[in-house]
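Subject: Structure handover and findings

Hello,

I am handing over the structure we discussed. Please look through it alongside the notes that follow.

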Amino acid sequence: MARSVALAELQVKQLLSPSWVISSRDPLARGLALVALGLGAGMTACRPPVESGPAREPQAISASAKGTLELWANGEAFVREGLVSKDGWALQFEHVYVTLADITAYQTDPPFEGKGELQAKALVNLTGPLTVDLVPAAGAERVLLGSLEAPPGHYNALAWRLVPAAEGLAKGYSLWIEGTARPAKGEGEGIPFVLKFSPELAFVCGEYVGEARKGFVQAGQVADLEVTFHFDHLFGDGSLPPEDDLNRAALGFAPLVKLDPLSLEQRLKGGSDPLVWDDLQESGTASETLLEILQNLGHVGEGHCRASSDRLGGTGS
């Protein structure tokens, strides 16, 4: 598989402005997200195709008969604790910003399983866009996107778009990963890096898959759903054999940076400028390969999603 790499001009890290990012460190900001509630098939063109089913007489649902559905984002232990890439780099993450829009939970009948059209009986959504940091405060495992008043029922499908941020440090990028890297078996200080990705991607997922089922809203009670990102699909997993299917498909870390041996040695001794990857500079086969990988980031727990972009269609896994 041909992969071209580019090292952009080294940049000095910037300070994060807290006004544009929602994180578990700022519970007040979490409550300020704009919320929209809809029933039936009243969705905009940016949402997945939906069949409304047989016509029904509208029925008012009193506030007391509704429950609450919380929507969360989770980068998993790989983001919180770090990982060793398939090519032997130990990565620690300081910030992982994603910008999400049109986060929509559906009650579907029949259940949506990734093929065909999603047939919704009811939906609730956060319009966004919301920029969140998937590296939560110490002790937290995920980040709250928002809480929605929701009619009772099983919300067994979830969709969202990954879009470039309109403001803040990550402006122009849908995914911004910042941290440090060092050879897992080597010595020396970590090398700072910033990886910036701009594709706009749409994810449509079925029911959450995990230790417990999610999305069951009851009147007066709180349920939850989760947008889950699997970053081992990008970096691979050094704890697995090289021939493992996940590692064969993953990019790893080394292809995202380009260092000659002298530069690497100098950086391991304490170089301060970050390595920067900017996918806006990439084109051709490498860019398409990377786009395929990014389509596999989005999950609902361990549940797979159908993902697509303007440049490349397909199904995430």
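Below is what was found, from the whole chain down to single residues.

Please keep in mind that this is a predicted model.

Overall make-up

The protein has 317 residues, of which 50% count as buried. Its secondary structure comprises six helices and 18 strands. Contacts over long stretches of sequence are frequent: among those between residues at least 6 apart, 77% join residues at least 24 apart. The exposed surface comes to about 14900 Å², and carbon and sulfur atoms account for 51% of that area.

Salt bridges

Side chains of opposite charge can pair when their charged atoms come close. How many salt bridges does a search of the whole structure find? The search gives seven. Three of them are described here.

One of the seven is formed by the side chains of R142 and D224, with 3.1 Å from N to O. R142 sits in the loop between strand 7 (130-133) and strand 8 (143-150), while D224 belongs to strand 15 (residues 222-229), so this salt bridge ties together parts that are 82 residues apart in sequence. Both R142 and D224 are buried.

Another salt bridge brings together the side chains of R161 and E200, at 2.5 Å from N to O. This pair also links distant parts of the chain, 39 residues apart: R161 is in strand 10 (residues 157-162), and E200 is in the loop between strand 12 (191-197) and strand 13 (201-205). Are the two partners buried or exposed? R161 counts as buried because its relative accessibility is 18%, under the 20% cut-off. E200, at 38% relative accessibility, counts as partly exposed.

The salt bridge between R213 and E207 has its closest N and O atoms 2.6 Å apart. R213 counts as exposed, with 55% relative accessibility, and E207 is partly exposed, with a relative accessible area of 25%. Apart from single pairs, there is a network: R142, K214, D224 and E226 are joined by salt bridges that share partners.

D102 and R161

R161 has a further partner to look at. The side chain of D102 makes a polar contact with the side chain of R161, at 2.9 Å. D102 is located in strand 5 (residues 89-108). At 9% relative accessibility, D102 counts as buried.

Strand 8

Strand 8 follows the loop that holds R142. Why is strand 8 described as largely enclosed by the rest of the structure? Six of its eight residues are buried, so the description fits. Strand 8 pairs with strand 3 (residues 67-74) in the antiparallel sense, over seven bridges. Within this pairing, V143 of strand 8 is the bridge partner of A73.

N125

The last residue on the list is N125, which is part of strand 6 (residues 118-126). N125 has a relative accessible area of 2% and is therefore buried. Which residue, 22 residues away along the chain, has its C-alpha atom 5.5 Å from that of N125? That residue is I103.

For a look at the model on screen, the R142 and D224 salt bridge, the R161 and E200 salt bridge and the pairing of strand 3 with strand 8 can serve as starting points.

Regards

Methods. Residues numbered from 1 in each chain as written. Predicted model: local features only at pLDDT ≥ 70, side-chain atom pairs only at ≥ 80, totals over all residues. Heavy atoms only, no water. Helix = DSSP H or I, 4+ residues; strand = E, 2+ residues; numbered from the N terminus. Buried < 20%, exposed > 50% of the residue type's maximum accessible area, 1.4 Å probe, protein only. Contact = heavy atoms within 4.5 Å. Areas by Shrake-Rupley, 256 points an atom, 1.4 Å probe, with all protein chains shown as cover. Salt bridge = Lys/Arg side-chain N within 4 Å of Asp/Glu carboxyl O. Pairing = 2+ DSSP bridges. Polar contact = N/O pair within 3.5 Å; in protein donor to acceptor, adjacent residues only side chain to side chain.
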